Amino acid sequence: MRHTDVYAISSKDIVFESFDGEAVVLDLSSGKYFGFSDSGSRIWQALSSGVDAQALIGLTAGASTIGPAELEGFVSQLLELGLLVGLDAPPQPLPDELLAELAATSEPLTVNVHDDLADLIVVDPIHEVEEPVGWPAVKQAS
Amino acid sequence: MPVYNRERYVVSALRSLVRQRDAADLDIIVIDDGSTDGSVEAVRSMMRETPCIRLFRQSNMGVTKARNAGLKQLLPQTRLVSFLDSDDISPMGRFTADLACFEEDPGLDLTYSRMTLVDKIDGETLEPAADSHSITVRGIHLSAGIFARDLIERTGGFDEDFKQAEDTDYLLRIFESQAKYVMPDTVALYYRRHPGNMTKEADVPFREFMRAIHKSMKRRRADPSLRPVEGIFDVKDLAQWRFP
């Protein structure tokens, strides 16, 4: 039985990067990509790095605090989208800087799904990287 | 054409353009981005025979700034713009084919054609070698496009936040806007696959590609009139495909 609400990124096909604190998530298997509101980006970062979801309830996010229902809704969305899976593991501590960044946000928790670039994301012919990253690279004979 | 240490390929790239002089009144702008090999001499050797090549030199600043430097050199009378990297080949007939689209529709903003990835190009014919391996897709590449000057001006320069994937960002910006395009079946580019391809050098491209997607989402969030970039790129065939 799980005693905490700890999650992890569901597979190596789910990759993410942050730009100015805003997270972008790609699903390399489906080609979908995901954008977050400012608060959503911070909560995604916390959850995907193993912070206990319960520990996020009541935190200050802009002018309000993170409510249990709001968080639960957000987490179930991330689970349904296949971005996170439940993990039976000890929770990771919440970094102080994330707390401060969350306090400075102004938008509610949201995640947007896009699939217009699926063809390109599933296989990018030019901007390939090495295979360990999980990007289906087009290799050439050396 | 941005050039950085491509003495081995740049002459072929230029020849592939110059041989199409009859199809268009070409003004070939070469930006040497601080090459330390014989690239500049190679370009100059071509210029002796072909006055339509103009060479500009700058210290090494990366491909994004080199592309912007090239755009700044566009002549006032230039109506259409395309790009060619210094190690690639513009297939014979590429301009004839797509310029016809602009003739048919004066309101056209761009043509966006296909590209062939190939591992061996015959140095004489500038065609894929008989024993080469290749695949043709509608990928994401500046050379696939011919852009109306108005569109170039509307789009602005390449975003210098990008070390790479500046081309992806540029094309996304164009297709998000209400640009009027057609997608001919022309093969607009032979994209040379070799160990020194710029985009293979580091892990940077992946993050840069993600940055392009991030910026695209941000733009569309801020401006709902921008549209998703649907149905343009078609690279599915690459999924199951490997160069032997």
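Chain A averages a pLDDT of 84, and 84% of its residues score at least 70. That is a confidence figure, and it applies here since this is a predicted model. One part of the chain is an exception to keep in mind: over residues 125-142 of chain A, pLDDT stays under 50. The model still has 48 contacts for that stretch beyond four places in sequence. Where pLDDT is low, the predicted coordinates should not be read in detail. I will leave that stretch there.

Now the layout of chain A. It has 4 helices and 8 strands. Along the sequence, the pattern reads β-β-β-β-α-β-β-α-β-α-β-α. Of the 142 residues in chain A, 37% are buried. Take the contacts in chain A between residues at least 6 apart in sequence: 70% of these join residues at least 24 apart.

Next, the sheet. Which strands make it up, and in what order? It is an open sheet of 4 strands in chain A, in the order 2-3-4-8, with antiparallel pairing. Strand 2 and strand 8, the latter covering 111-114, are the edge strands of chain A, and each pairs on one side only. From one strand to the next, the twist averages 20 degrees. As a reminder, strands of a sheet pair through backbone hydrogen bonds, either parallel or antiparallel.

Let us go through the pairs. Strand 2 of chain A, residues 14-19, is joined to strand 3 of chain A by 6 bridges, and the two run antiparallel. If you want one pair to find on the screen, Glu17(A) has Val24(A) as its bridge partner in strand 3. The two strands form a hairpin with 2 residues between them. In that turn, Asp20(A) has a positive phi of about 50 degrees.

On to strand 3 and strand 4 of chain A. Strand 4 covers residues 33-36, and the pairing is antiparallel over 3 bridges. Here Leu26(A) has Tyr33(A) of strand 4 as its bridge partner, and Val24(A) stands opposite Gly35(A). These strands also form a hairpin, with 5 residues between them. Gly31(A), in the turn, has a positive phi of about 80 degrees.

How many residues of strand 3 of chain A are buried? The count is 5 of the 6 residues in 22-27, so the strand is largely enclosed by the rest of the structure. In a regular strand the side chains alternate between the two faces of the sheet.

Something also packs on this sheet. Helix 1 of chain A, residues 38-48, touches strand 2, strand 3, strand 4 and strand 8 of chain A. The direction of helix 1 makes about 65 degrees with that of strand 3. Helix 1 of chain A is mostly covered, with 9 of its 11 residues buried. Among the buried ones are Asp38(A), Arg42(A), Ile43(A), Trp44(A) and Leu47(A). An α-helix has 3.6 residues a turn, so residues three or four places apart point the same way. After helix 1 of chain A comes Gly50(A), whose phi is positive, near 90 degrees.

Leu47(A) deserves a second look. Not counting residues up to four places away in sequence, Leu47(A) touches Tyr7(A), Ala53(A), Val75(A), Leu78(A) and Leu84(A). Leu47(A) is also one of the residues with the most contacts inside the largest nonpolar core, together with Val25(A), Tyr33(A) and Val30(B). That core has 88 residues.

Val30(B) brings us to chain B, where I have three places to show. The first is helix 6 of chain B, residues 166-176. Is it mostly covered or mostly uncovered? It is mostly covered, with 10 of its 11 residues buried. The buried residues include Glu166(B), Tyr170(B), Arg173(B) and Phe175(B).

The second is Gly62(B), in the loop between strand 3 (53-58) and helix 3 (63-72) of chain B. Why does Gly62(B) count as partly exposed? Because it has 16 C-beta neighbours inside 10 Å, and a residue needs 20 or more to be buried. The C-alpha atoms of Gly62(B) and Met210(B) are separated by 19 Å, and the two residues are 148 apart along the chain.

The third is Asp237(B), in the segment after helix 7 (204-222) of chain B. Asp237(B) has 13 C-beta neighbours inside 10 Å, so it counts as partly exposed. Leaving aside neighbours within four places in sequence, Asp237(B) is in contact with Ile135(B) and Val137(B). Asp237(B) and Gln58(B) are 39 Å apart, C-alpha to C-alpha, and 179 residues apart in sequence.

That is where I stop.

Key
Residues are numbered from 1 along each chain as its sequence is written. Chains are lettered from A and ligands numbered from 1 in the order in which they are written. A nonpolar core is a set of buried Ala, Val, Leu, Ile, Met, Phe, Trp, Tyr and Cys residues joined through C-beta atoms within 7 Å. A residue is buried if 20 or more other C-beta atoms lie within 10 Å of its own, exposed if 12 or fewer, and partly exposed in between; C-beta atoms are placed from the backbone. Two residues are in contact if their C-beta atoms, placed from the backbone, lie within 7 Å. Two strands pair if DSSP finds at least two bridges between them. pLDDT is the predictor's confidence in each residue, from 0 to 100. Axes are lines fitted to C-alpha atoms, for helices over the stretch in contact, and angles run from 0 to 180 degrees between N-to-C directions.
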